[in-house]
Amino acid sequence: MTQATHFNVRALTTFVEQLFEKAGADAEVAQVVTQVLLEGELLGHRTHGLNLVSRYIGGMLEGTVKARAQALEQVSHSDVSSVFDGHYLLGPYCVSRALDCAAKGATAQGIGIAVVRRASHIGCLAAYLKPYTDRGLVGNRA
């Protein structure tokens, strides 16, 4: 029988954020991506949790993945919908920002829609839900 290993979540978070920053991510992107990957891990989705750190950083170092917040372009926006072009920015950052816009629309208008194109891998979908469901919002993906 294998014995479980326990980690300090705060220390692990800081460590992973620093890995992303040393590979070239800005602090905001590093923080958001780390939070999504850690949440996926804590939900038990190990293939879409911290296991992705090396893949994401590898893409950054190869130049196929971007890691600066300014790469995210909001192509269009209305009271209820937004379209984003990630320009191959780390997917968890793109999805998190898009969901923030969709949540604003849903809160103000009853529905919010966000579309992201050209993002890198987005991680574990379940990792994004809790902050929005805690606010009484319901997510749906098409």
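**Why the sheet and the patch get their names**

Strand 1 (residues 73–77) and strand 2 (residues 81–89) pair in the antiparallel sense over 4 bridges. This is a predicted model, where local features need pLDDT of at least 70, side-chain atom pairs count only at pLDDT 80 or more, and totals for chains, interfaces and linings use all residues. Residues are numbered from 1 along each chain as its sequence is written, and side-chain values use heavy atoms, with hydrogens and water left out.

Me: Why do strand 1 and strand 2 count as paired?
Reply: Two strands pair if DSSP finds at least two bridges between them; here there are 4 bridges, so they qualify. Strands themselves are DSSP runs of E, at least two residues, numbered from the N terminus. One of the bridges puts His 77 opposite Ser 82, and a hairpin of 3 residues links the two strands.

Me: How do you know that strand 2 pairs with strand 3, and in which sense?
Reply: 6 bridges join them and they run parallel. Among them, Ser 81 has Ile 113 as its partner in strand 3.

Me: What makes the sheet open, and which strands are at its edges?
Reply: The order is 1-2-3 with mixed pairing. Strand 1 and strand 3 are the edge strands, each pairing on one side only.

Me: Why is Val 115 called partly exposed?
Reply: Buried means under 20% relative accessible area and exposed over 50% (1.4 Å probe, protein chains only), with partly exposed in between. Val 115 comes out at 41%, so it's partly exposed. Val 115 lies in strand 3 (residues 113–119).
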